[in-house]
Amino acid sequence: HDQRTNIAGFERNMKRLGVGNDDTDDGEYKPSNESGLNYLQRLEDTVSEANLVPEANFEAMENLKRTEKVNRRARKERETRRRKMLVDQRSATSELEKKEAYAAMMEGLAATSTKMRLEAKEKWEAKKR
């Protein structure tokens, strides 16, 4: 079952990227009716029409390098924001724990004080009789 799910997810991603099989009936790939020679000729025609020149390759590489720099900077900024968020969360958690400990201590002191007042009141009333 997991294998089918993973295969289905893989095929969905391939279709999303535009390189997947467009058959939607059963998700299986169909063999091509085109002969190997015809496919090779079609592939060669497609490549020759693409007009691949070294200048275009250079521009593409420069674009890739620029994109990588932008992505690296963005990754670094995300990591910095993530670390800042973690530090802020830790300090907020620490502050909350301190406040809770202080509140618990104050409640304990209030309970002790109330108990001591009641004992003192009882002793005073006992003496008064």
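Biologist: Before we look at Glu 68, what does partly exposed mean here?
Modeller: Happy to start there! Buried means under 20% relative accessible area and exposed means over 50%. Whatever falls in between is called partly exposed.

Biologist: Is Glu 68 buried, exposed or partly exposed?
Modeller: Keep in mind that this is a predicted model. Glu 68 has a relative accessible area of 33%. Because the range in between runs from 20% to 50%, Glu 68 counts as partly exposed.

Biologist: Which side chain does Glu 68 meet in a salt bridge at 3.9 Å, N to O?
Modeller: The partner lies with Glu 68 in helix H3, four residues apart, about one turn of the helix. That partner is partly exposed at 47% relative accessibility. The side chain that meets Glu 68 is Arg 72.

Biologist: How far apart are the closest N and O atoms of Glu 79 and Arg 82?
Modeller: Glu 79 and Arg 82 are three residues apart in helix H3, so about one helical turn separates them. A salt bridge needs a side-chain nitrogen within 4 Å of a carboxyl oxygen. Glu 79 and Arg 82 form one, and their closest N and O atoms are 2.7 Å apart.

Biologist: And Glu 62, which residue does it form a salt bridge with?
Modeller: Look in helix H3, residues 54–128, three residues from Glu 62. The closest N and O atoms of this pair are 3.9 Å apart. The partner is partly exposed at 46% relative accessibility, and its name is Lys 65.

Biologist: How many salt bridges are there by this rule?
Modeller: Glu 62 with Lys 65 is one of them, and Glu 79 with Arg 82 is another. By this rule the count comes to six.

Definitions and conventions:
Residues numbered from 1 in each chain as written. Predicted model: local features only at pLDDT ≥ 70, side-chain atom pairs only at ≥ 80, totals over all residues. Heavy atoms only, no water. Helix = DSSP H or I, 4+ residues; strand = E, 2+ residues; numbered from the N terminus. Buried < 20%, exposed > 50% of the residue type's maximum accessible area, 1.4 Å probe, protein only.
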